[in-house]
Each structure stands twice: as structure tokens, then as C-alpha cells.
Amino acid sequence: MRKFLSLVIVSILFSSLSFAQNQTLIKGMVSEIEVTTDSTSLNYSIYIPQNFIATKPVKGLFIFDPNGDGMRASRLFVSAIAGEDYVVVSNNFKMSNNLDSLDYNANNAITIMRDVFAKVALEPSQIYIAGLGAGAKATSALSYLLKNTAGILLVDDVYFADQYIAQSRKNNVIGVVGKSSPNYYQMADYFRMMKSFNSSNELYTYSNSGEWPGASFIGVLLNRLNHIQVDNINLKISDTLWEKRYQNDLNGLKSLVLNKEYLTAYDLSLDLKRDYRRKVDLDAIKNFYKSLRKTESYKTAKRLDRSGNLEELLLLDDIEYFLESDIVAANFENLGYWDSRINEFKNASNDSDKPNEQKVAKRMLGYIDYTVEDFLTLNKVSLLAQRIFGNVLMTMLDSKDYQAYLNIISLSAQDNDDNTAYFYLEELLKQGFTDYDALYEIPQTTTLKIKPIYNQLIKSYLGKAKF
């Protein structure tokens, strides 16, 4: 489980907002809105239901897209809700996946949420939030700050810190993770915890890592979240609406089968049976999963999943044991092993001719990154050798992770190991790093940066040096 730094929401919660002029909300269409604060200007897309009445609060759905493609994301979710009355909102600005940007992303998300609350009437007990990638991190962060959120949909990433566990217990959350996602084990850890709090919290898999699932799949998941909240607040729903949602969800399950998501369709059908019990006649969904279970496609997928899981779990046990042991011991003698193993996983992750090996390799690379980042986040002081070791692993995972090289130079200087600092300074420059000033602003390098070798290395690559 990741245990990250505290989420800090700054004065933007209380700053004044001003609205761009001539912005009209058009019913039945996705419109673009601009909102400005004392420090920034943001755009977002918003959909208002065709039969929206200003005095009648409706459900709100806030979507956070990592690429800032709010218009496309809004239209995708409008298609997914199948004509139900939601105000649908999504950001038109990019969200960085860097953890250091989490506060910034969350602040921007809150800004557009406050603007929407000021413009339209939303039902307080029916506010849903969804996010993909960096947007999922922002979504989960918001869920720890916004009380009584009705439901959360996380796609392919998550943010969690132990200090928010009390609020986590109250959240209704459903997740979707790519089968080949580097965040697979991180999300699996998180949802094991969430399911222990509430059996309705569930994680599903899909094939397209890093993308929004299809509209029909999203629609089923949103219905699940709504049904959970309906039960929580004892909200009455007409038999006609239950039947409509039931038929839509059956169609969503059939769409999953057409997309060869056999195991997800089966698992989801069992969860839906529980959701619709005593609401509708369950014969159709029972027939669906009984028939699916008998198909050769399902049997083959189940068999491959079982055999692949056993092999993968054995591999994961090895990686987990040796990685944690080597980090704690700062076992520099084993860096050659890790370099070889990481390169092996990288090669396999690019080999589309072996899809299962490719999937496992991507998960393993994600797990190594997840574990090392956890350690470095939790140990920002002392343990110099261990932190150097961890940052070296980060450069192996991503040769363009410039911050890891800078960290090694700083830590090596503190450890009076100039040779290691010089080596990683040159490796950093070889990778194309050109921020001349940053090389003289690395923390804890006052003595190191005036030494001849340090300056000679910089001059040989950048053509100049300060000392």
C-alpha cells in the first residue's frame, strides 16, 4: 500500500471566483466554461440534462481526465448514463502524473467543482467523481476531503495515505485496472483494503490500460455505484427505472462478452445479481452467467488465468522478497542483478508476440517502481545508502528520471562519496540533461560543486562551468 505525503489543499478553497462573461449552459449539450481565480484560469466541459429544472437538484458526475480532453470524456459519460439525469462535468486542462503535482491537480479540481455548485442545483447526496490515471489520483484525493461523496470510480491508478483511512472506510468505490497496467498491484492492494471495509467495493479488469473503458462498461459501473448509494440513503426508485437500468446493464454485460472480457463479464454479472435482488426478476442475469460459464471462451480464459496467476504469484514472491531485502541492506553488489532483471522485464513488456509474458512484465515493472517509490517517500532523511540504492533502481526503471540522478548526487555528497556523485553526474548528462543552473543548485553539494572534476564534467557536456 502506498503511504504518501499529506494532501494539502491551500487557500484556493476560500479564494474568490469570477466568471467569464456570456457563458451559456445549453440543455442537452456539452458546453465549455471558463472559471478564473486570483491565480489561475481554467476551462471545463459541462453537460446539462435536457429536462433539467433549475429548482430541482439532480445527480452530479465529475470526471477528471489526465489529458484534459473534457469534451470527449463528458460525451463518453453522457453516452454511458443512458439518458439519466446527471449534470456531467470534466476538465479541459491536463493533469500531471507526478506525485508532487497532486495538490495542484486537486486544487484545480475543487475550483471547477465549486464553480459548478454555484451555477446549477446538485443533489448533495448524489455527487459522484471519476478519474483516469492522474485524474484517478486526484479523484481519490478528493474523496478524502469531500464528505459524503456518493460514489467514486477509479480507472488505472489510485492515491492513498494511511492518515485518510478513517474517511476511506466511508467511501463507496469501484475500480477498473488494465490487465497490463503498471499500477495493477498497487490497485489490487488498495481494493483488498477497501473490500474489507465494504464488500460492495470492487476492482475489475479490462484490456485497454491507460484508457477509459467503453461507454457500456462505464454505464454498468455507474449504476452499481448509484445502487450502493440508493441502499445507503434508503432512496426510493420506481420499478420502471429499476427495470430500465437492469436491461441497460444486461446489454453492458453482453458488450463485455463481445469485447472478449469474459472473466470480467462473469464476475460483474454476479455482483449485479446481488444489486438487483428483490428489485427485478433475476432470470435473465442468471441465464447470462450460467450460459457464459459453459462457453469454451470462458473456460479457456479461466484456465489461462489460473495457470498464469500461479506462475506470476511465484515470480512476485521472489521479486518482493529480494527487492525489499536488498533495499533494506543497500546491497549494491546486487545492482547488476537488478539491472539485468529490469531489462529482461522491459524487453518482455515490448514483445507483443507473447501477450501473457508482456502483461506480467508490465505488472512487475510497476510493482518494482511502486515498492521503491514507497520506500523513498517514507524515508526522506537518514538511511543514505538505502536511499542511494533506491534512486539507482529508479534510474534503471527510467533512464530519463532526471530527479533520481540529482538525488543520487546529493545523497552521495552527504555520504562523502564523490566518485559516485561524479559517475551519476556524467550519466545524467549523457541522458541529455541540460539544466545548467540546476546542477549548481543540488541540495547538500556546497563542497562538491566547486571541485575541478565536477566542473570539468559539466563543461565537457554543456560547454561551460561556474568554477
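# Getting to know a predicted model

User: Is Asp-283 buried, partly exposed or exposed?

Analyst: Happy to start there, with the reminder that this is a predicted model. Asp-283 has 46% relative accessibility. Buried would need under 20% and exposed over 50%, with partly exposed in between, so Asp-283 counts as partly exposed.

User: In which helix is the place of Asp-283, and which residues gather with Asp-283 in the patch of negative charge on the surface?

Analyst: Asp-283 has its place in helix H9, which covers residues 283-294. The surface patch of negative charge that includes Asp-283 also takes in three acidic partners, namely Asp-239, Glu-243 and Asp-281.

User: Which residues gather in the patch of positive charge, and which helix gives the largest share of the positive patch?

Analyst: On the surface, positive charge gathers at Arg-274, Arg-277, Arg-278, Lys-286, Lys-290, Arg-293 and Lys-294. The largest share of that patch is 4 residues, and the helix they come from is H9.

User: Where does Lys-294 lie, and is Lys-294 buried or exposed?

Analyst: Lys-294 belongs to the positive patch and lies in helix H9. Its relative accessible area is 63%. The cut-off for exposed is over 50%, so Lys-294 is exposed.

User: How many of the residues of strand S8 are buried?

Analyst: Strand S8 spans residues 173-178 and is mostly covered. Val-173, Gly-175 and Val-177 point one way, while Ile-174, Val-176 and Gly-178 point the other way, and all are buried. For strand S8 the count of buried residues is 6 of 6.

User: In which sense does strand S7 pair with S8, and which residue stands opposite Gly-175?

Analyst: Strand S7 is made of residues 151-155, and 4 bridges pair S7 with S8 in the parallel sense. Gly-175 in S8 is matched across this pairing, and the residue opposite is Leu-154.

User: How many bridges join S8 to strand S9, and which residue in S9 stands opposite Val-177?

Analyst: Strand S9 covers residues 202-206 and runs parallel to S8, with 5 bridges joining the two strands. Opposite Val-177, the residue in S9 is Thr-205.

User: Let's turn to charged pairs. How many salt bridges are there by the rule used here?

Analyst: Side chains of opposite charge can pair when their charged atoms come close. The rule asks for a side-chain nitrogen of Lys or Arg within 4 Å of a carboxyl oxygen of Asp or Glu. By this rule the number of salt bridges is 13.

User: Which residue meets Glu-84 in a salt bridge, and how many residues apart are the two?

Analyst: Glu-84 meets Lys-59 in a salt bridge, with 3.7 Å from N to O. Glu-84 is in the loop between helix H1 (70-80) and strand S5 (86-91), and Lys-59 is in strand S4 (residues 58-64). Both Glu-84 and Lys-59 are buried. This pair links distant parts of the chain, and the separation is 25 residues.

User: Which residue forms a salt bridge with Asp-115, and how far apart are the two in helix H2?

Analyst: Asp-115 forms a salt bridge with Lys-119, at 2.9 Å from N to O. Asp-115 is buried, with a relative accessible area of 0%, whereas Lys-119 is partly exposed at 28%. Being 4 residues apart in helix H2 (residues 102-119), the two are separated by about one helical turn.

User: Glu-261 forms a salt bridge with which residue, and how many residues apart in sequence are the parts that this pair ties together?

Analyst: Glu-261 pairs with Lys-179, and the closest N and O atoms are 3.1 Å apart. Glu-261 lies in the loop between helix H7 (239-258) and helix H8 (262-276), and Lys-179 in the loop between S8 and helix H5 (184-197), so the pair ties together parts separated in sequence by 82 residues.

User: Is Glu-261 buried or exposed, and what is the relative accessible area of Lys-179?

Analyst: Glu-261 has a relative accessible area of 7%. Buried means under 20%, so Glu-261 is buried. Lys-179 is partly exposed, and its relative accessible area is 28%.

User: Which residues do salt bridges that share partners join into one network?

Analyst: Lys-59 and Glu-84 meet in a salt bridge. Salt bridges that share partners make one network of Lys-59, Glu-84 and Arg-245.

Conventions:
Residues numbered from 1 in each chain as written. Predicted model: local features only at pLDDT ≥ 70, side-chain atom pairs only at ≥ 80, totals over all residues. Heavy atoms only, no water. Patch = residues over 30% accessible without salt bridge, like charges linked within 9 Å, V, L, I, M, F, W, Y side chains within 5 Å. Areas by Shrake-Rupley, 256 points an atom, 1.4 Å probe, with all protein chains shown as cover. Lys, Arg positive; Asp, Glu negative; His and termini not counted. Charge placed at Lys NZ, Arg CZ, Asp CG, Glu CD. Buried < 20%, exposed > 50% of the residue type's maximum accessible area, 1.4 Å probe, protein only. Pairing = 2+ DSSP bridges.
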